[in-house]
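This report describes how parts of one protein chain are arranged. Keep the sequence and the 3D view open while reading.

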Amino acid sequence: MQFDTSLLEFDKILELIIKKASTLHGKELVSNISPTNNALEIKRLLDETNHAFDIVTLYKEPPFGGIRDLHETLQKAKIHSVLRPTEFLNVVGLLDATINNRTFYKRVKEEEIEGETLDFYYDQLSSVKGLKQDINHVITIDGRIYDKASHDLSRIRVKISQKQNKITERLNGILNSQKTKLADHLITIRSNRMVVPVKLSEKNNFKGTIIDYSSSGETVYMEPQSVTLLNNEINILMLDEEREIERILRELTIKIADQHDPLMNNYNTLCYLDMVFAKAKFSVDFECTMPTITDSEVHLVKARHPLIKQDEVVPNTITYNKKERIIIITGPNTGGKTVAIKTMGLLSCMVQSGLMIPASEGSKTIVFENIFADIGDEQSIEQSLSTFSSHMTRIINILKHMTVGSLILLDELGSGTDPKEGASLAISILDYIRIRGVYVIATTHYPELKAYAYDKEEIINASVEFDVETLSPTYRLLLGTPGKSNALLISERLGLPEKIINAAKENVLTSQSEISDLINKLEKQGNTLDLQIQEYETLIHDNKELVKRNEKLQRELIERQNEIKRKGAVSKSQIVSEAKHEALELLKAIEVMAKSNTVKEHEIAEMKYKVKNLSLEEEHKSTVTNHVYLKGDIVTVLKFNRTGELVKKQKNNKWIVKMGALNSQFGEDGFEFIEHKVKEEPKGRIRSMVTKSARIELDLRGLRYEEAKYDLDKYVDDCLVSNMPYGHVIHGFGTLTLRKLVKTYLDKHTMVQSHRDGEGGEGGQGVTIFYLK
């Protein structure tokens, strides 16, 4: 198994991915990524990257912050070598990261993001209970040891503090009493002893011990005799403090040693996941997709070289049709031939390393057994090899080690020697290779190779396009069309003197060979087809633009309709409210007139009923704010101002929206409705609603006097409107207040012919039955 990754600059891809990793070990894992020809391993690695890609695009990036390099720390703990406080804090960082990532993946599952590939790794993360609390009880966030870490440590530090206070008191007295001998009015510490700065000239007049000198030598730091004993006692206590801290940290180290295996497993798992998500973040930045691994199809759609600026790179489709195994690319220098073969080789290495590739959806490829490359014209100075010899040395190595299913990339095959011999050698090499079941892309200037390809079904001619109008390459790869170098045109464009160009043109043979004639004829046919394809693509582009404009107009129209509906709903409500108010005022006037018997009572009752029930049959509903979204609805995603389709509603009430090849997740406030397949409900209209039948009986029990009077008045109106001959009113016995209300009301009502108490089977005196005229 051999992959020429250095010639294909695969290491530069890894450098880009390393920048996406958060942990030191994760970066190391990225730097060790290499291609494999194990199909199952490649599929697993691709699935992991793709799953991480979906998580990053549909949710967010995982929290890998706070993870430090713990290999040495955990190894030290395993052999009970006491750890430093900062190393304990690094362990806390790992414990926090473990909890955070378990919580993160739980939320990923709640978001219903498809994929189970990473479940295995997150299930591996184990909870180490109690260890973080033990560490935090001993060590502060800035790496100091708490006084409360142990009873003995607290006692020792209290004693140290007390003695330091005594020394400070005595030294303050000296500062005041012997200020003329001092270089400065302060207390400082030298060699763990509290001292005062004394002038060099006064050192023999000051009672004490010299501890240190200043850098200038003009100041002597002296310990007064009065504090020597106290300083000695503090030094002894500090030794006790160091021993106690050592004991505390040793016990804590043993606790970490007891959890070595789960901690190391968590560390390695998180760093591996960091590497996987680094690959996914690279894929997001370079708009990569996951190709389908097949047994025999190679079809990279609009493949882009990832090391060329993404706003400058020209995408090319590279395809091996059925039975085709060799692509011969011809064309001008600096036209993109080398980029084309490097793109094929580099993207193949990326796929076989578990990386997604910068190509469009629908790309397919196979697993190559080896990937060989002979690219560049470096001379080997060390071995005294010419350009030609250097090429031949690499090609001989390729021929020795190639196997069925290998990919071979040959740049400028046969160059660096006599053109005739070089062309013959190139044809012989391709003849040797083509019957051995390998895939080849070769670049050349030799016209003989163009003709050689035409009668071989497994070989396809290709070229990189050259614009003769602008005399510049377009970098487009044209499969099926051979090219020419256009050396004279390029030289002229680069500024070669005109006399030289003209002389060269005169030296060109005027009679073209049959091969050249054939190639020129095919080139013209190819150019004609290309023009037709470009016209077709222009039509498609114009069509898409037209569709976009139509969608925009449709959205604007819907927004305008919604605005009109909203305004209409307000107007309707105002009209109904005003009409109802006027009608009630009118009814009051009519009731006054009724007392003079100019209007019939049942007509008043009907009008009152209509006014009380006047309303909108259907409330206006905004198709935007209250729309019930369904799968398949077409919406506008506000964040990107792009049209998308609702694919699936998640448990958190968010929707997965498909925008072209991209699936993203948004809440319903993140997009606006355009259209869906369900017919719209009929528009609301204003109408009066009159009930055709009244209730059989009215129960007033439990109501207050005013409530009962209102319900009784409405019930009688309902009976009149419904043409009922009689009605039942249940008022009960109680205090007889409701009974008296009913009797009095019915006596005064002009449309009531008579009324009576209920009989034995009707409720007796607790019920009143009335008859209408």
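The text below goes from the whole chain to two sheets and then to two helix pairs.

## The chain as a whole

The structure is a predicted model. The protein chain contains 20 helices and 25 strands. Of its 773 residues, 42% are buried. Among contacts in the chain with a separation of 6 or more, 68% are between residues 24 or more positions apart.

## The sheet of six strands

Strands of a sheet pair through backbone hydrogen bonds, in a parallel or an antiparallel way. One open sheet has 6 strands in the order β10-β11-β12-β8-β13-β14, and its pairing is mixed. Strands β10 (371-374) and β14 (472-479) are at the edges; each has a single partner strand, so one side of each lacks a neighbour in the sheet. From one strand to the next, the twist averages 15 degrees.

Strand β13 pairs with β8 on one hand and with β14 on the other, and both kinds of pairing occur here. Strand β8 (residues 326-330) and β13 are paired in the parallel sense, over 5 bridges. In this pair I326 is opposite I459 of β13, and T330 is opposite S463 of β13. Helix α13 (residues 419-434) packs on the sheet and touches β8, β11 (407-410), β12 (439-444) and β13. The direction of α13 makes about 155 degrees with that of β8.

Strands β13 and β14 run antiparallel and are joined by 5 bridges. S463 appears again in this pairing, where its bridge partner in β14 is L478.

How many of the 9 residues of β13 are buried? The count is 8, and the strand is mostly covered. N461 lies in this strand, which spans residues 459-467. Is N461 buried or exposed? N461 has a relative accessible area of 4%; residues under 20% count as buried, so N461 is buried. Leaving out residues up to four places away in sequence, N461 touches I328, L449, K450, A453, Y454, L478, L479, G480, T481 and P482.

## The sheet of four strands

A second open sheet described here has 4 strands in the order β22-β23-β25-β24, also with mixed pairing. Its edge strands are β22 (697-699) and β24 (752-757); each has a single partner strand, so one side of each is left without a neighbour in the sheet. Neighbouring strands of this sheet are turned against each other by 20 degrees on average, direction ignored.

Strands β22 and β23 pair in the parallel sense over 3 bridges. In this pairing D699 stands opposite I730 in β23. Strand β23 (residues 726-730) runs antiparallel to β25 (residues 767-772), and 5 bridges join the two. One bridge here has G727 and its partner F770 in β25. Strand β23 is mostly covered, with 4 of its 5 residues buried.

Two helices belong to the picture of this sheet. Helix α19 (residues 705-721) lies across β22, β23 and β25, and runs at about 40 degrees to β25. Helix α20 (residues 737-748) packs on the sheet and touches β23, β24 and β25. The direction of α20 makes about 155 degrees with that of β24.

## Two helix pairs

The table lists the crossing values for two pairs of helices.

| Helix pair | Axes come within | Crossing angle |
|---|---|---|
| α1 (residues 10-18) and α2 (residues 24-31) | 9 Å | roughly 160 degrees |
| α5 (residues 85-110) and α10 (residues 260-285) | 10 Å | roughly 65 degrees |

Why are α1 and α2 described as roughly antiparallel? Angles over 145 degrees count as roughly antiparallel, and α1 and α2 cross at roughly 160 degrees, so the two helices are roughly antiparallel to each other. Their crossing is right-handed. In the contact, L14, I17 and I18 of α1 meet K27, V30 and S31 of α2. By type, the residues of this contact are 4 nonpolar, 1 polar and 1 charged.

The crossing of α5 and α10 is left-handed. On the α5 side, the contact is made by V91, L94, L95, A97, T98 and N101. On the α10 side, L263, N266, Y267 and L270 take part. The residues of this contact divide into 7 nonpolar and 3 polar, with no charged residue.

Technical notes: Residues numbered from 1 in each chain as written. Predicted model: local features only at pLDDT ≥ 70, side-chain atom pairs only at ≥ 80, totals over all residues. Heavy atoms only, no water. Pairing = 2+ DSSP bridges. Axes fitted to C-alpha atoms, helices over the stretch in contact; angles between N-to-C directions. Contact = heavy atoms within 4.5 Å. Buried < 20%, exposed > 50% of the residue type's maximum accessible area, 1.4 Å probe, protein only. Parallel < 35°, antiparallel > 145°, perpendicular 65-115°, else oblique. Left-handed = near helix turned anticlockwise from the far one by under 90°. Nonpolar A, V, L, I, M, F, W, Y, C, P; charged D, E, K, R; others polar.
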